[in-house]
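Let's take a walk through this one together, starting with a pocket and then following the backbone. Have the chain open in your viewer as we go.

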Amino acid sequence: MWFRLTDRDRRILGLLGEHKVLTTEQIAAAEFQSVRRAQDRLAQLRALGVVFGFRESYRDGGTSQTRFALGYLGARAMAAQRAEKPPTRPAHQRALERLAWWPKLGHQLGVNGFFCHLAAHARRSQTDVGGTGDDSAGCGLGQWWSEQRCTEFFWNSAVKLRPDGYGCWAERGRWVRFFLEYDTGTEALSKVTRKISDYSAFPTHSFGVLLFSVHSAKREIALRQALRRAAGTGRPPLVIATTTRDQEHPDGPAGPVWAVWSQGHGNAVARRYRLAELPQRGPRIEPHAPWLGQPYSEAAFDPQDQQLVRLAEDRPPATVPTHQPAADVRGGDVDDDVMLYDDEDPDDEYEHRIA
């Protein structure tokens, strides 16, 4: 079965293994030239049993687009690639059932969509023929860590960070590393702003800037006001930027949609910056070949590097594969591992919700 998979197929399996669930459009954005091509190949992968697809039925009719996770054979293939014990079929089926009912499923899809938009923008910029004068030329998503991978590394004796994701965005020679907090408006702002104390207790500035992506302009204003109240007269020892998802830009989160927050400006937005224009923080390392089975790791650092361990402060390093390159340093609870099981719905154009 493994020899029937292309390099792109293996990248898709790697993404599903790391990030649990992706929609058809998200996979298409990250890895294909069109949704139709993605649908055709994903249908073939479903027939092989390496991916599983499912949909949500809406109360007033219609269904969501297909969501994908590792099928049983895909989970076994990834376990073999990583020299891990494979799941049993019953255990994998239970994990898939939990995923289908996972309360955080919508939130997880939103987080993954954020990074897939970046990946798609980078891929488009790489295929553009020169002479366009596009400011986004030469960009790329060099690191994309899941929440679980983040919590395994970003902790010390004082605090454990639980960002929704961690990434590194490169554009025009600038490398911006960032923690992502993806806000859907379901949490009280007091709970959201309490996260600032955790980020302040951690050497966040040594690893990146903190981004808040919120669902509406009204929520962004309220968040910036709450940040001002939470900070008081103090100044958080990190860079914070906010954006709103109800005012889309053609370049998505890579575009000029980010407003840097400071105590002096409060909730006012004087200017919005491109993601690559935000301050550069974190380790600087030369791009390298992606790690085995882990797409979007060309700029990822080695969690075992002792300089990084000292930056994160007084804790033993995590156990990771020894083939990962070392970095040149200059400068919620995590839910169960969940995946999904195959159904027989064809992966065709999904039906939209009926008004």
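Which helices and which strand each supply at least two residues of the lining of the second largest pocket? Keep in mind that we're looking at a predicted model here. The answer is helix H2 (24–31), helix H6 (105–127) and strand E8 (240–244). Of the contributors, H6 gives the most, with 11 residues. The whole lining runs to 37 residues, and if you want to find the middle of the pocket, go to Gln26, Gly113, Phe114, His117 and Tyr182, which lie nearest its centre. The space inside comes to about 930 Å³. As for the chemistry of the wall, it's a mix: 14 of the lining residues are nonpolar, 16 are polar and seven are charged.

Now slide back towards the start of the chain, to helix H1 (residues 7–19). A quick sanity check on its geometry works out nicely: with 13 residues at 1.5 Å a residue, H1 should span 18 Å, and its end C-alpha atoms are indeed 18 Å apart, so the two agree. Which residues of H1 are buried? They are Asp9, Ile12, Leu13, Gly14, Leu15, Leu16, Glu18 and His19. When you look at that list, remember that an α-helix has 3.6 residues a turn, so residues three or four places apart point the same way.

Step just past the end of H1 and the backbone does something worth a second look. Lys20 takes a positive phi of about 75 degrees there, although Lys20 is not a glycine. That catches the eye because most residues other than glycine have a negative phi. Lys20 sits in the loop between H1 and strand E1 (22–23). Is Lys20 buried or exposed? Its relative accessible area is 11%, which is under the 20% cut-off, so Lys20 counts as buried.

There's another positive phi at Ala83, also a residue other than glycine, with a value near 55 degrees. You'll find Ala83 in the loop between helix H4 (72–81) and helix H5 (89–100). Ala83 has a relative accessible area of 73%, over the 50% needed, so it is exposed. Put side by side, then, Lys20 is buried, whereas Ala83 is exposed.

Last stop: the cysteines. How many disulfides are there, counting sulfur pairs within 2.5 Å? The count comes to zero. Two cysteines to look up are Cys139, buried with a relative accessible area of 3%, and Cys150, buried at 0%.

Notes. Residues are numbered from 1 along each chain as its sequence is written. This is a predicted model: local features need pLDDT of at least 70, side-chain atom pairs count only at pLDDT 80 or more; totals for chains, interfaces and linings use all residues. Side-chain values use heavy atoms; hydrogens and water are left out. Helices (H or I, at least four residues) and strands (E, at least two) are DSSP runs, numbered from the N terminus. The expected span of a helix is 1.5 Å times one less than its number of residues. Buried means under 20% relative accessible area, exposed over 50%, partly exposed in between (1.4 Å probe, protein chains only). On a 1 Å grid over the protein atoms alone, a cavity is a set of points where a 1.4 Å probe fits but cannot get out, and a pocket is an open set with protein on both sides within 12 Å along at least five of seven lines; lining residues have an atom within 4 Å of a point. Grid points are joined across faces, edges and corners, and a volume is the space filled by probe spheres set on the points. Ala, Val, Leu, Ile, Met, Phe, Trp, Tyr, Cys and Pro count as nonpolar, Asp, Glu, Lys and Arg as charged, and the others, Gly among them, as polar. A disulfide is a pair of cysteine sulfur atoms within 2.5 Å.
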